[in-house]
Amino acid sequence: MLNDIQEVLYDTDQIQQKVKELGDTISREFEGRNPLVICVLKGAFIFMADLVKNITIPLEIDFMAVSSYGSSTKTSGVVKIIKDLDVPVQGREIIIVEDIIDSGLTLSYLIDVLERRNAKSITLVTLFDKPAGRKVQLDADHKGFVLPDAFVVGYGLDYAEKYRNLPLIGILKPEVYEK
Ligand SMILES: O=P(O)(O)OC[C@H]1O[C@H](OP(=O)(O)OP(=O)(O)O)[C@H](O)[C@@H]1O
Ligand SMILES: [Mg+2]
């Protein structure tokens, strides 16, 4: 798998350090608020697991699966809910955990859904942010790393369902998807 990586952007240690900082920030901010932490599957599954281990206050978790990239490196523009939440969000303080914000379409769709369900508050946490990809204006409340305008894989992020288990984030060689 590493053969397909053009450049490693952040290795395991750098990611773990950043996740710990994000966990500390959230622990302080949400003291006494019992947030519902929502993992946006599949990409955010590794970040979610590492992040909640670094949050020291009581919280609840739930999962939502959405998809818009399929086997492409470009968004289809259509966000599909594959799996919905198990619990109601009405009146809850929500933390959405994302692996990456690129076009912003996934999160703007999710925010809309959760607002219509009357969440009390919505806080966006993303490990990676790729501002050059934005198609809608949207910013995370807390972000880990700002990435260059390139298709990246690893630490949960895939190309055609591959590379999610790489323990680092790196730029995928274009020849892998330009075949
Ligand atoms: O800001 P955007 O352009 O919407 O891109 C970000 C979203 O795209 C990816 O999900 P994807 O649709 O690939 O599903 P996956 O998480 O199952 O890989 C990623 O995990 C984010 O959820
Ligand atoms: Mg994907």
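Strands, as the word is used here, are DSSP runs of E at least two residues long, and helices are runs of H or I of at least four residues; both are numbered from the N terminus. With that in hand, the surroundings of ligand 1 can be described by element: β5 gives the largest share of the shell, four residues. The model is a predicted one.

The shell around ligand 1 is a convenient place to start. It holds 17 residues, and those that come nearest are Gly43, Tyr69, Asp102, Ser103 and Thr106. Sorted by class, the shell has seven polar, five charged and five nonpolar residues. Both β5 and α3 supply at least two residues of this shell. These two elements lead on to the sheet.

Strand β5 belongs to an open sheet of six strands, whose order is β4-β3-β2-β5-β6-β7 and whose pairing is mixed. Because β4 (80-83) and β7 (142-146) stand at the edges with a single partner strand each, one side of each is left without a neighbour in the sheet. From one strand to the next, the twist averages 25°.

In this order β5 stands between β2 and β6. Strands of a sheet pair through backbone hydrogen bonds, in either a parallel or an antiparallel sense. On one side, β5 (residues 93-101) pairs with β6 (residues 121-129) in the parallel sense, over eight bridges. Within this pair, Glu93 stands opposite Ser121 of β6, and Ile101 stands opposite Asp129 of β6. On the other side, the pairing of β2 with β5 is also parallel and runs over four bridges. Here Cys39 has Val97 of β5 as its bridge partner. Strand β5 is mostly covered, with eight of its nine residues buried.

Two helices can be placed against this sheet. Helix α3 (residues 105-116) packs on the sheet and touches β2 (36-41), β3 (60-67), β5 and β6. The direction of α3 makes about 165° with that of β5. The other helix is α2 (residues 45-53), whose buried residues are Ile46, Phe47, Met48 and Leu51. These buried residues of α2 pack against β2, β5 and β6, and also against helix α1 (12-29).

A further open sheet has three strands in the order β1-β9-β8, with antiparallel pairing. Its edges are β1 (5-10) and β8 (152-153); each has a single partner strand, so one side of each is left without a neighbour in the sheet. Strand β8 is joined to β9 (residues 169-172) by two bridges, and the two strands run antiparallel. In this pair, Val152 stands opposite Ile171 of β9.

Ser71 offers a look at a loop, the one between β3 and β4. Is Ser71 buried or exposed? A residue counts as exposed if 12 or fewer other C-beta atoms lie within 10 Å of its own. Ser71 has 10 other C-beta atoms within 10 Å, and is therefore exposed. Ser71 and Glu161 are 90 residues apart in sequence, yet their C-alpha atoms are 7.4 Å apart in space.

Finally, there is the record. An unreviewed UniProt entry carries the annotation "domain: Phosphoribosyltransferase" for residues 9-159. In the model, this span is 26% helix and 30% strand, and its end C-alpha atoms lie 17 Å apart.

Methods. Residues are numbered from 1 along each chain as its sequence is written. Chains are lettered from A and ligands numbered from 1 in the order in which they are written. This is a predicted model: local features need pLDDT of at least 70, side-chain atom pairs count only at pLDDT 80 or more; totals for chains, interfaces and linings use all residues. Two strands pair if DSSP finds at least two bridges between them. Axes are lines fitted to C-alpha atoms, for helices over the stretch in contact, and angles run from 0 to 180 degrees between N-to-C directions. Two residues are in contact if their C-beta atoms, placed from the backbone, lie within 7 Å. A residue is near a molecule or strand if its C-beta atom, placed from the backbone, lies within 6 Å of it. Ala, Val, Leu, Ile, Met, Phe, Trp, Tyr, Cys and Pro count as nonpolar, Asp, Glu, Lys and Arg as charged, and the others, Gly among them, as polar. UniProt positions are given in the numbering used here, feature names are shortened, and annotations may be inferred rather than shown by experiment. A residue is buried if 20 or more other C-beta atoms lie within 10 Å of its own, exposed if 12 or fewer, and partly exposed in between; C-beta atoms are placed from the backbone.
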